[in-house]
Amino acid sequence: MNSLTFTRLFSSTCSLLRASTSSIPKPTDQIPDVQTFLTKIGRNTVEYQSAFPTWDSLFTATSKDLKSAGVDVPARRYILHQVEKFKRSNDVQPTSKSVKKNGGERKFNQYLAQKRILDRIHTAQQLKQYRKQLKLTQMQYNRFDKIHRDLGHSL
């Protein structure tokens, strides 16, 4: 039996990604330093300025580096995302946090159930008010009819 050995013909994409992210852009007129960059991207990321002593450290930092520097997860992801955007376009704009609609996807069924309950309560209240108004109208008609019968008039 012949044993075949297979060699890997393609390089790993991981090394390609590392090579593409190694380029560090030059500071621009609008963004000359780390503090300005963190201020422009917003979300109070300026408080993590101590994690980036130099411009190069901002663009070479990894998630593990930021974690060891004490940057919390949402801020870490946001900073790394904005760094990649700046590498591609040399422009940064703050992006606002999205607001979950109806409490998010997991709570959507609960939201719908609550909405149906409130709709039923509202419908029941309207029906009760309609019946009350109908009863008042019927009572007025009966009074009117009684007065006319007592006077000998008929409708």
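The protein chain folds into six helices and zero strands, and reading along the sequence gives the pattern α-α-α-α-α-α. Please keep in mind that this is a predicted model. Of the 155 residues in the protein chain, 19% are buried. Among contacts with a separation of 6 or more, 50% join residues 24 or more positions apart.

**Helices H2 and H5**

Let us begin with a pair of helices that meet. Helix H2 covers residues 34-41 and helix H5 covers residues 73-89; their axes come within 11 Å and cross at roughly 105°. How do H2 and H5 lie relative to each other, parallel or perpendicular? An angle of 65 to 115 degrees counts as roughly perpendicular, and H2 and H5 are therefore roughly perpendicular to each other.

On the H2 side, the residues that make this contact are Phe-37, Leu-38 and Ile-41, while H5 brings Tyr-78, Ile-79, Gln-82, Val-83 and Phe-86. Sorted by class, the contact of H2 with H5 holds seven nonpolar residues, one polar residue and no charged ones.

Gln-82 deserves a visit of its own. This residue sits in helix H5, and with a relative accessible area of 0% Gln-82 is buried. Leaving aside residues up to four places away in sequence, Gln-82 touches Phe-37 and Ile-41, along with Val-92, Gln-93 and Thr-95.

**More on helix H5**

Which residues of H5 are buried? They are Ala-75, Arg-76, Tyr-78, Ile-79, Gln-82, Val-83, Phe-86 and Lys-87. That list includes Arg-76 and Lys-87, and both of these count as charged by class.

The length of H5 can be checked as well. With 17 residues at 1.5 Å a residue, H5 should span 24 Å, and the distance of 24 Å between its end C-alpha atoms agrees with that. At the start of the sequence range of H5 you will find Val-73, a residue placed in this helix. Val-73 counts as partly exposed because its relative accessibility is 46%. Its C-alpha lies 8.8 Å from that of Ser-63, a residue 10 positions away in sequence. Just after H5, Asn-90 takes a positive phi of about 55°.

**Around helix H4**

Leu-66 has its place in helix H4. Is Leu-66 buried or exposed? At 1% relative accessibility, Leu-66 counts as buried. Not counting residues up to four places away in sequence, its contacts are Phe-52, Ala-61, Val-71, Arg-76 and Leu-80. For one of these, Leu-80, the C-alpha separation from Leu-66 is 9.4 Å, with the two positions 14 residues apart along the chain.

Between helix H4 (63-68) and H5 runs a loop that holds Asp-72. This residue counts as partly exposed, at 37% relative accessibility. Which residue does the side chain of Asp-72 join by a polar contact? The partner is the side chain of Tyr-48, at 2.6 Å. Asp-72 and Tyr-48 are 24 residues apart in sequence, and their C-alpha atoms are 9.5 Å apart in space.

**The loop between H2 and H3**

Two residues with positive phi values appear in one loop. Arg-43 is found between H2 and helix H3 (55-60), and Asn-44 lies in the loop between H2 and H3 too. Phi is positive for Arg-43 and for Asn-44, and each is a residue other than glycine. As for accessibility, Arg-43 counts as partly exposed at 38%, whereas Asn-44 is exposed with a relative accessible area of 54%.

The table gathers positive phi values from the model.

| Residue | Place | Phi |
|---|---|---|
| Arg-43 | loop between H2 and H3 | near 55° |
| Asn-44 | loop between H2 and H3 | near 60° |
| Asn-90 | just after H5 | about 55° |
| Gly-152 | just after H6 | about 90° |

**Helix H6**

The table also leads to helix H6, which runs over residues 108-151 and has 44 residues. From its first C-alpha to its last, H6 reaches 64 Å, close to the 64 Å expected at 1.5 Å a residue. Gly-152 follows just after H6, with its positive phi of about 90°.

Note on methods. Residues numbered from 1 in each chain as written. Predicted model: local features only at pLDDT ≥ 70, side-chain atom pairs only at ≥ 80, totals over all residues. Heavy atoms only, no water. Axes fitted to C-alpha atoms, helices over the stretch in contact; angles between N-to-C directions. Helix = DSSP H or I, 4+ residues; strand = E, 2+ residues; numbered from the N terminus. Parallel < 35°, antiparallel > 145°, perpendicular 65-115°, else oblique. Contact = heavy atoms within 4.5 Å. Expected span 1.5 Å × (residues − 1). Buried < 20%, exposed > 50% of the residue type's maximum accessible area, 1.4 Å probe, protein only. Polar contact = N/O pair within 3.5 Å; in protein donor to acceptor, adjacent residues only side chain to side chain.
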